[in-house]
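Work through these exercises with the structure open. Try each task before you read its solution.

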Amino acid sequence: MDTARTIPIQTATLEGDGMGCHAGGEKLLAAAKSAGKSDTLQQYAADYPRVESAGPHDQPQSMCPAFGSLRVGLRMRRTATILSGSACCVYGLTFTSHFYGARRSVGYVPFNSETLVTGKLFEDIRDAVHAQANPAELDAIVIINLCVPTASGVPLQLLPKEIQGVRIIGIDVPGFGVPTHAEAKDVLAGAMLRYARDEIHNGPVAAPRGGRQDKPTITLLGEMFPADPVIIGQMLAPMGLAVGPTVPTREWRELYAALDCAAVAAIHPFYTASVREFEAAGRPVVGSAPVGLEGTQAWLQHIGEACGIPTALVDQARNQALHGMREMLAKQSLKGRITLSGYEGSELLVARLLVECGADVPYVGSACPATRWNADDAEWLRNKGVQVQFRASLEQDMAAVHEFQPDLAIGTTPIVQKAKQLCIPALYFTNLISARPLMGVAGAGSLVQVIQAAMGNKSRFDAMKSFFGGVGAGHAAGVWEGVPQDRPEFKAETRRLLEKQLKKRKAEEMG
Ligand code: SF4
């Protein structure tokens, strides 16, 4: 292994590791471009477009995007994941990973101003990758450049492509280039599919663990509840199709099986880089998902067309799937107004299902962008009078709760907190809606149950509000020994100092 060569890194506009989300994306973006990352960032800008009216950070306000890639890496068997970034970012990311049940270590290559500026950081990464590359234990090593190493141009593309048969996948996942953690999952999934596609071109590859399917398969794109692929498989059976792997996969060899499909179902609509790989492999891609009556009907039709299935078999599949759902919807339905927002990318599907189950849904916000694969869902919802907001900011989601005064608010943590303060029952999208089946009869049935239970809690919120009303709010929040005093003059002074600081910084920048 040659570690003597130092690769110079251009860091003229970046000082030390003291820059992060708070330093402003523009500065980091400019630094990354001048440090040789223009092509990567241009591709991200095309794949994950932003909107000008987004939140104060010019992007949706969710967790560090790199968490998406990290989670995908950590969930794969025989895969090691290593982060290169500021210690505070790595602390947050490892904390979140373990909070969400990662059962293995996260690798970390630390740096300081000197190793960053001299290029020694790249040497350290290369050494770490060599030290980890044990083919008896690993199929792949994923190394993720966070904001500062990306902005500094740390050239992961110069790492060896494989070491003793262990594949090395280096990706840049800066917060200033990838807007959400959902899209960061695509960055890694797309990179892995590209690598696997090259391997397929270069010779025979490993078969799936359980052998190849004897029927043509549909690859599912997007993490979903484990029962959903099984339910989808049952819907596909009358058409002579089987369900294939779910991407992001849980094992390297599943990538080959995913590429070896008849068609791809982009259940989650933001996997743009992954779709590029499937399309390069000649696979048709179908958007939306089998949710609710109309959604299931249209989806099965589109899958049948993509795979050239005779109409009689498509009709058979549709009849089988829709019969049970009609019965279920006739027996149970939702009554009440629901606003919905989230950053998982499946918000429009859930909104469709809620509308079909009878709910009045005036607003759905998603932190993800509009794509080809959610266009039908957006149109369907708009035709039902739903306001669809892509790249929704927290402020827009909050405004919807205030405006529509729903019986239930489904959303991210701050939305749930706000709604509960307003005595509106609320459900956390990620933990309580994403973590249950959505497809077919089982999806509709389970969603109706949880929503009805949550809406039934309104009286408990009213009782709590009347009991605790006014305790610990505003300036009196916290634990006090005496009677808390409001000090508006202190707040005014702090605001004055902050404004002064801001003006000074702006003047320095202009000067
Ligand atoms: S890596 Fe994540 S936490 Fe760190 S500065 Fe970038 S966006 Fe923020």
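**Exercise 1. Find which residues of β5 are buried on each face, then place its partners.**

Solution. Start with the two faces. Val166, Ile168, Gly170 and Asp172 lie on one side of β5, and Arg167, Ile169 and Ile171 lie on the other; all are buried. This is a predicted model. In a regular strand, side chains alternate between the two faces of the sheet.

Next, count. Strand β5 spans residues 166-172, and seven of its seven residues are buried.

Now take the partners. Strand β3 (residues 140-145) runs parallel to β5, joined by six bridges. Ala140 has Arg167 as its bridge partner in β5. Strand β4 (residues 162-163) runs antiparallel to β5, with two bridges between them. Here Ile163 has Val166 as its bridge partner.

Finish at the turn. Two residues separate the strands in the hairpin of β4 and β5, and Gln164 takes a positive phi near 50 degrees.

**Exercise 2. Decide why helix α2 counts as largely enclosed, and name what covers it.**

Solution. Count first. Helix α2 covers residues 66-75, and ten of its ten residues are buried, so the rest of the structure largely encloses it. A residue is buried if 20 or more other C-beta atoms lie within 10 Å of its own.

Then read the names. Among the buried residues of α2 are Phe67, Leu70, Val72 and Leu74, but also Arg71 and Arg75.

Last, look at the cover. It includes the strands β1 (79-84), β3 and β5, and the helices α3 (87-99) and α7 (181-202).

**Exercise 3. Write down the strand order of the five-stranded open sheet, then add the helix that crosses it.**

Solution. The order is β12-β11-β10-β13-β14, with parallel pairing. The edges are β12 (387-390) and β14 (426-428), each of which pairs on one side only. On average, neighbouring strands of this sheet are turned by 10 degrees against each other, direction ignored.

Zoom in on one pair. Strand β10 (residues 337-342) and strand β13 (residues 408-411) run parallel and are joined by three bridges. Ile338 stands opposite Leu408 in β13.

Now add the helix. Helix α15 (residues 394-404) lies across β10, β11 (360-366), β12 and β13. Its angle to β11 is about 170 degrees.

**Exercise 4. Compare the length of helix α18 with its expected span, and list its packing partners.**

Solution. Helix α18 (residues 440-455) has 16 residues. From its first C-alpha to its last it reaches 23 Å, close to the 22 Å expected at 1.5 Å a residue.

Pick out its buried residues. They include Val441, Leu447, Val448, Ile451 and Met455. The buried residues of α18 pack against α8 (227-236), α11 (292-306), α12 (311-331), α13 (347-356), β13 and α19 (458-468).

**Exercise 5. Describe the side of domain 2 that touches domain 3.**

Solution. Set the bounds. The domain assignment gives domain 1 (21-179), domain 2 (217-327) and domain 3 (333-465). The C-alpha centres of domain 2 and domain 3 lie 24 Å apart. Their contact takes 26 residues from domain 2 and 25 residues from domain 3.

Then trace the elements. On the domain 2 side, α8, α11 and α12 each give two or more residues. The largest share, six residues, comes from α11.

End with the classes. The domain 2 side has 15 nonpolar, nine polar and two charged residues.

Conventions
Residues are numbered from 1 along each chain as its sequence is written. This is a predicted model: local features need pLDDT of at least 70, side-chain atom pairs count only at pLDDT 80 or more; totals for chains, interfaces and linings use all residues. Two strands pair if DSSP finds at least two bridges between them. Helices (H or I, at least four residues) and strands (E, at least two) are DSSP runs, numbered from the N terminus. Axes are lines fitted to C-alpha atoms, for helices over the stretch in contact, and angles run from 0 to 180 degrees between N-to-C directions. Two residues are in contact if their C-beta atoms, placed from the backbone, lie within 7 Å. The expected span of a helix is 1.5 Å times one less than its number of residues. A residue is buried if 20 or more other C-beta atoms lie within 10 Å of its own, exposed if 12 or fewer, and partly exposed in between; C-beta atoms are placed from the backbone. Domain bounds come from an automatic or database domain assignment. Ala, Val, Leu, Ile, Met, Phe, Trp, Tyr, Cys and Pro count as nonpolar, Asp, Glu, Lys and Arg as charged, and the others, Gly among them, as polar.
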